[in-house]
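Work through the exercises below with the model open beside you. Try each task before reading its solution.

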Amino acid sequence: MIKNPSFADRPVAVLFSGGDAPGMNAFLRAVTRISLSRHHVPVLGVRYGYAGLVAAAKMDFEPMRAQVETRIGRWGMITDGQPLVLMDHSAVSGIVGTGGTILGSARCLEFHKAEVRADVIAMLKKLGVRALIVCGGDGSLTGADLLAKESDLRIIGVPATIDNDLDFTQMALGVDTAVNTLVWAVDHFKDTARAHRRVMILETMGRGSGELARLAAIASGAEMVITPDPKPLTQADMKVLAASIERGMKAGRSHAIVLIAEGVKVEPEIKRNRAYVLADAFKEHFEREGGPFQDLEIRPSVLGHLQRGGHTSPQDCILAARFADAAMKEIMRPDGANGVTALRGGHVGIVPFDAPPVEDSEERSEAYLHLHESLSSWEEL
Ligand code: ADP
């Protein structure tokens, strides 16, 4: 008979924080199954990221612990106001390829306060957790690093963000799925663009990073990609881009797909989606008097949160399992260190929170842009 998980066996706590990314559920499933089956260590799921830890730290300790030990797995997850849940095998059944995170993710402003983090540390130590795994993006991993510095708890970070803006790993969880989704979206836009001889301007996510847009442009065959640069894009720059589209059209092209990353700076700065700003500049160029394509349709679209959801790609599910494996091995090593899981040169391992970049990210983006330019050979047929 399988005994119920309990705090006596010193669980590994795991939380998901910040923007959700495909692969978070695959990671939770992998870490739960590896921990229970291989290491016989219980897993404590934290609901809604750091907010769940902060909520648990504010509760009366003994009744909170008793409830968590009684209401395990799915029962705990449907119990209102239970921020911590001891996971069992069935709680993670059927979630491997699903987007989002069944434990919930959140942003938690209170966690920026040192005294709040001190309460969280005290609560985790009193519960006897052997380690905390934090799965999330840049901000979440900064919070994890602070916890590691401010306590003797074992802390492991796991990079999960579709932005792929974490320079210690070649890939974060969620990037591959988001690229797949973007390729799917571009294919759909391409059909209608071809039918009507349209220019489609599609805005991608990625915050300050253009990595997602660059990868999607290479994989989808988009004609043009514009990614963040320290130098803002001026109206004159936009006209130059429009003129290049015009030359392509003159050479016989039937349509154009332009990807623009949400973090592109424009001058004059305006709080408006980049796809619309660029579309207006393009329209102005094409509708000019005497222009050869005055009726050309320019259609902007902001792809938004659709890039976060959907079925997780097999690549991301595999990476999630590899990250979970590396995290658990490190946690179980008596002399294991704190750090983050990372993919470097094809290998998955643990690197320190302040590890040097895996490669020069500026050089990498230059290389991607150059590659895309050669592949699109836009003005030739
Ligand atoms: P992401 O992890 O996707 O980059 P955020 O930047 O919003 O998302 O960070 C998620 C959460 O991580 C924040 O709401 C906060 O709880 C925590 N966090 C972020 N930065 C810090 C920080 N400097 N100190 C402490 N906690 C932080």
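The exercises cover salt bridges first, then a sheet and its helices. Keep in mind that this is a predicted model.

**Exercise 1.** Find how the side chains of Glu-150 and Arg-117 meet, and state which parts of the chain they tie together.

*Solution.*
- Step 1: Check the contact. Glu-150 and Arg-117 form a salt bridge, with 2.8 Å from N to O. The cut-off is 4 Å, so the pair qualifies.
- Step 2: Place the partners. Glu-150 belongs to helix α6 (residues 138-150) and Arg-117 to helix α5 (residues 114-127), so the bridge ties together parts 33 residues apart in sequence.
- Step 3: Check exposure. Glu-150 is partly exposed at 36% relative accessibility. Arg-117 is buried at 6%, because buried means under 20%.
- Step 4: Set the pair in context. The whole structure holds 22 salt bridges.

**Exercise 2.** Determine how Lys-149 and Asp-145 are placed in helix α6, and whether each is buried or exposed.

*Solution.*
- Step 1: The two side chains meet in a salt bridge of 2.9 Å, N to O.
- Step 2: Lys-149 and Asp-145 sit 4 residues apart in helix α6, so about one helical turn separates them.
- Step 3: Lys-149 has 63% relative accessibility and is exposed. Asp-145 has 18% and is buried.

**Exercise 3.** Locate the salt bridge between Lys-239 and Glu-284, then find a network of shared partners.

*Solution.*
- Step 1: The Lys-239 to Glu-284 bridge spans 3.3 Å, N to O.
- Step 2: This pair links distant parts of the chain. Lys-239 is in helix α9 (residues 235-250), Glu-284 is in helix α10 (residues 274-286), and they are 45 residues apart.
- Step 3: Lys-239 is partly exposed at 26%, while Glu-284 is exposed at 51%.
- Step 4: Now the network. Glu-211, Arg-214, Glu-359 and Arg-364 are joined into one by salt bridges that share partners.

**Exercise 4.** Trace the open sheet of 4 strands and name its edges.

*Solution.*
- Step 1: The strand order is β7-β9-β6-β11, and the pairing is parallel.
- Step 2: Strands β7 (224-226) and β11 (297-302) are the edges, since each pairs on one side only.
- Step 3: Neighbouring strands are turned by 15° against each other on average, direction ignored.
- Step 4: Look at one pair. Strands β6 (residues 198-204) and β9 (residues 256-261) run parallel and are joined by 6 bridges. Leu-202 stands opposite Leu-259 in β9.

**Exercise 5.** Which strands do helices α8 and α9 lie across?

*Solution.*
- Step 1: Helix α8 (residues 211-220) lies across β6, β7 and β9, at about 160° to β9.
- Step 2: Helix α9 lies across β6, β7 and β9, running at about 170° to β7.

Terms used
Residues numbered from 1 in each chain as written. Predicted model: local features only at pLDDT ≥ 70, side-chain atom pairs only at ≥ 80, totals over all residues. Heavy atoms only, no water. Helix = DSSP H or I, 4+ residues; strand = E, 2+ residues; numbered from the N terminus. Buried < 20%, exposed > 50% of the residue type's maximum accessible area, 1.4 Å probe, protein only. Pairing = 2+ DSSP bridges. Axes fitted to C-alpha atoms, helices over the stretch in contact; angles between N-to-C directions. Contact = heavy atoms within 4.5 Å.
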